[in-house]
Amino acid sequence: MDILPIEDLKITPDVVQLYPDPSVGREAVIVIDNGSYNCRAGWMLKDRPALTFRNLLAKPRKDRNKKDVETTLVPVTQIGNDIVNIEAMRLQLRTQFDRNVVTHYNVQEQILDYIFTKLGISSENAVQHRVMMTECLFNPNYCRSLMSELLFECYAIPGLAYGVDCLFSYNVNQGAKHGLIIATGYHTTHVVPIMDGRMVVENIRRVNIGGSHMISFLHRCLQLKYTFHMNAITLSRSEMLLHRYGEFAYDYMEELRNWANVEYYEQNVKKIQLPYNQTVATPALTTEQKVEKKKELSRRLAEINARRREEKLAQDEELLAQLQQLEEAAEDGDDVRDGLAEHSLKDLSELKRAIGAVMSRIDKARLKINTPMAGGSQPQPDAEKLLQPPSSMTIDEWVEETRRKRETILEKRNARKQRKQDLAKRRTAAAQERMRIISQLARKEKGSDDFGMRDEDWDVYKQISREDDSDIEQENERLLECEIILKQYDANATFEDPLLMAGSAAELYQIHLGVECIRAPEVLFQPSIIGSFEAGLAETVDFVLKLFPPERRNDLVENVFLTGGCANIRGLKERLERELREMLPFQARFEVVFARDPLLDGWSGASKFCLTETFRHSLITREEYEECGGEYLKEHLNSNVYFPTPNMTPGTAGLAPGSLIG
């Protein structure tokens, strides 16, 4: 199985373009496809948009710890492709959208400033270009009014036209007279029936599921599966994994049964290598060089242990002097109760026991320091002497005995580690038993039953559970000697050696992408997976088709058009064909077609629409804006239907909506 590297999105900052562009002229129209995920902007005569960026604004979070920094400094705002690291914890991301509707126009103004600046237009006085802008289906009049006000009042544009991106994409792909558009977006998915070239407004339905829900669900699944790599599994990487390895299952339940098969899993799982840091040793080392490295490591370990013992010896000697001074003061008849309390001692008998215990520790430490084989300050045995077997044993017997010694040390280490973990947790059996014993002792001393009920008692318990590390130091030295011997004489030694082995750590930073490849996209067809009570895409399509008579229904399914970002995920066409085959009558004819470019066809369609006579008739001029209001919209084949806001005068408050004057 190949290990697939994870590729982070490389963002290239946009440059300020030449203005005026001689290929478009001063009368060119600025086309803005204002999507809830990506914004695409450029000139109408171009084949591709000049700018494509995330519709995001990032502001650095205020650091509350830095109180000395002047508050008058304005934080640097990053927009679109100027956001170098979108996953940075110190950034506060904002968008102008609430789902797919623009609601935050303070952010929208800064996005427009970014667009006009990158196109080379100075927007301080006015933008002397007409604007073609896309909007969502059924954009509220209030939101359109604020957008028109922003463009006309803030930028003084000469003209403005609105359209819907999925309709632009449908018509630029030579959309048939009748058809069914399935527009998959970042936050929503729309099912739009087209009859006689126009959308049937009353039969359009929306599913509040889009690419953001798939990405978020995959992100949570991977973080729950690999909690150790929670910080490395970001939303941006989850998005990349979804679009690269995700796919819509042809038969979801059958695919789940396949993934439960071990052989199928091994053949189809994707192993993704996360980035990690590792210091790799020089691969080409001779046996002598390996031995020298071991000798150096052993010498350094011995020096560290010796320094620790000397520091501990100095502390014990200082403590012994204090206790002996306290004992002399008690013999002279002085009041030593404060001194005893300072050292957590109750009476003179405990003081004598403490002096004896400290003197015993000092004697043992001095003995270890003065013993050459203890790994103290004395020189270590020569490597050649260490690598020679005893005269009473053969090499094979010696290697086997060394292997047993190493396994015994590792078993003791693992048992001690497990016991330490158990004692550190309150609810384990070992910790509860230890606390019970301490409580019994405490009751005998205090005559009370409340020991262990306070956090201070638990701190005492953890302090008691600390162990002397002198034995651990000797154990590390013996383990190191065993590994030196085994590495020299046993060619099959497989224990991890940080100096001689490299690459095994890479497996710890791998994630396996299995059933998640189909589970994340499946939320579009089964929103209940993420807790939504809405109908899925297949049920919504079936519902929309049943709103039409059978003869019209056949006209719609002969041209099912897929567009939007999620259309690029593999398997969507095959899955929709299967769903349509199940919901339509036997041998019914239908066809599912893709947009040529599901991501850019909305902008391309709007750009080509600007060259038509219909566009000139659809422009809203400054005079029409001032006369009809910001919500005014001139309808065309690619636009929303204009529903004037009712004039709610005091005398008409009780009338039916159909009787109000627009």
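In what order do the strands of the open sheet of six strands run, and with what pairing? I looked this up before anything else, and I note here that the model I am reading is a predicted one. The order I found is S4-S3-S2-S10-S11-S20, and the pairing is mixed. At the edges stand strand S4 (51–54) and strand S20 (620–621), each of which pairs on one side only.

**Entry: the edge at S20.** I then followed S20 to its partner, strand S11 (residues 159–164), and found that the two pair in the antiparallel sense over two bridges. At this pairing Gly159 stands opposite Thr621 in S20.

**Entry: helices across the six strands.** I looked next for helices lying on these strands, and noted helix H1 (residues 105–118), which lies across strand S2 (30–34), strand S3 (38–43), S4 and strand S10 (131–135), and runs at about 150° to S4. Helix H2 (residues 141–154) lies across S2, S10, S11 and S20, and its direction is at about 145° to S11.

**Entry: the chain as a whole.** For orientation I recorded that the chain holds 22 helices and 20 strands, and that 41% of its 662 residues are buried. Of the contacts in the chain with a separation of 6 or more, 72% are accounted for by residues 24 or more positions apart.

**Entry: strand S12.** Are the faces of strand S12 covered or open? I found both faces covered, with Gly179, Ile181 and Ala183 buried on one side and Leu180, Ile182 and Thr184 buried on the other. This agrees with the count for the strand (residues 179–184), in which six of six residues are buried. I also traced its neighbours: S12 pairs with strand S13 (residues 189–195) in the antiparallel sense over six bridges, and a hairpin of four residues joins the two. Within that pairing, Ile182 has Val191 in S13 as its bridge partner. With strand S18 (residues 560–564), S12 runs parallel, and five bridges join them; here the bridge partner of Ala183 is Thr563.

**Entry: the sheet of three strands.** I found an open sheet with the order S1-S16-S17 and mixed pairing, whose edge strands are strand S1 (3–5) and strand S17 (510–513). From one strand to the next, the twist averages 40°. Strand S16 (residues 270–273) pairs with S17 in the antiparallel sense over four bridges, and Ile272 has Ile511 in S17 as its bridge partner.

**Entry: a helix pair.** At what angle do helix H4 and helix H5 pack? I read an angle of about 110° between H4 (residues 211–225) and H5 (residues 235–245), with the axes 9 Å apart, which means that H4 is roughly perpendicular to H5. On the H4 side the contact is made by Met214, Ile215, Ser216, Leu218, His219 and Leu222, which meet Leu235, Ser238, Glu239, Leu241 and Leu242 in H5. Sorting the residues of this contact, I have seven nonpolar, three polar and one charged.

**Entry: cysteines.** Finally I asked how many disulfides a search of the whole structure finds. The search gives zero. I looked at the surroundings of two cysteines as well: Cys517 is buried, with a relative accessible area of 5%, whereas Cys628 is partly exposed, with a relative accessible area of 35%.

Methods:
Residues numbered from 1 in each chain as written. Predicted model: local features only at pLDDT ≥ 70, side-chain atom pairs only at ≥ 80, totals over all residues. Heavy atoms only, no water. Axes fitted to C-alpha atoms, helices over the stretch in contact; angles between N-to-C directions. Parallel < 35°, antiparallel > 145°, perpendicular 65-115°, else oblique. Contact = heavy atoms within 4.5 Å. Nonpolar A, V, L, I, M, F, W, Y, C, P; charged D, E, K, R; others polar. Pairing = 2+ DSSP bridges. Disulfide = S-S within 2.5 Å. Buried < 20%, exposed > 50% of the residue type's maximum accessible area, 1.4 Å probe, protein only.
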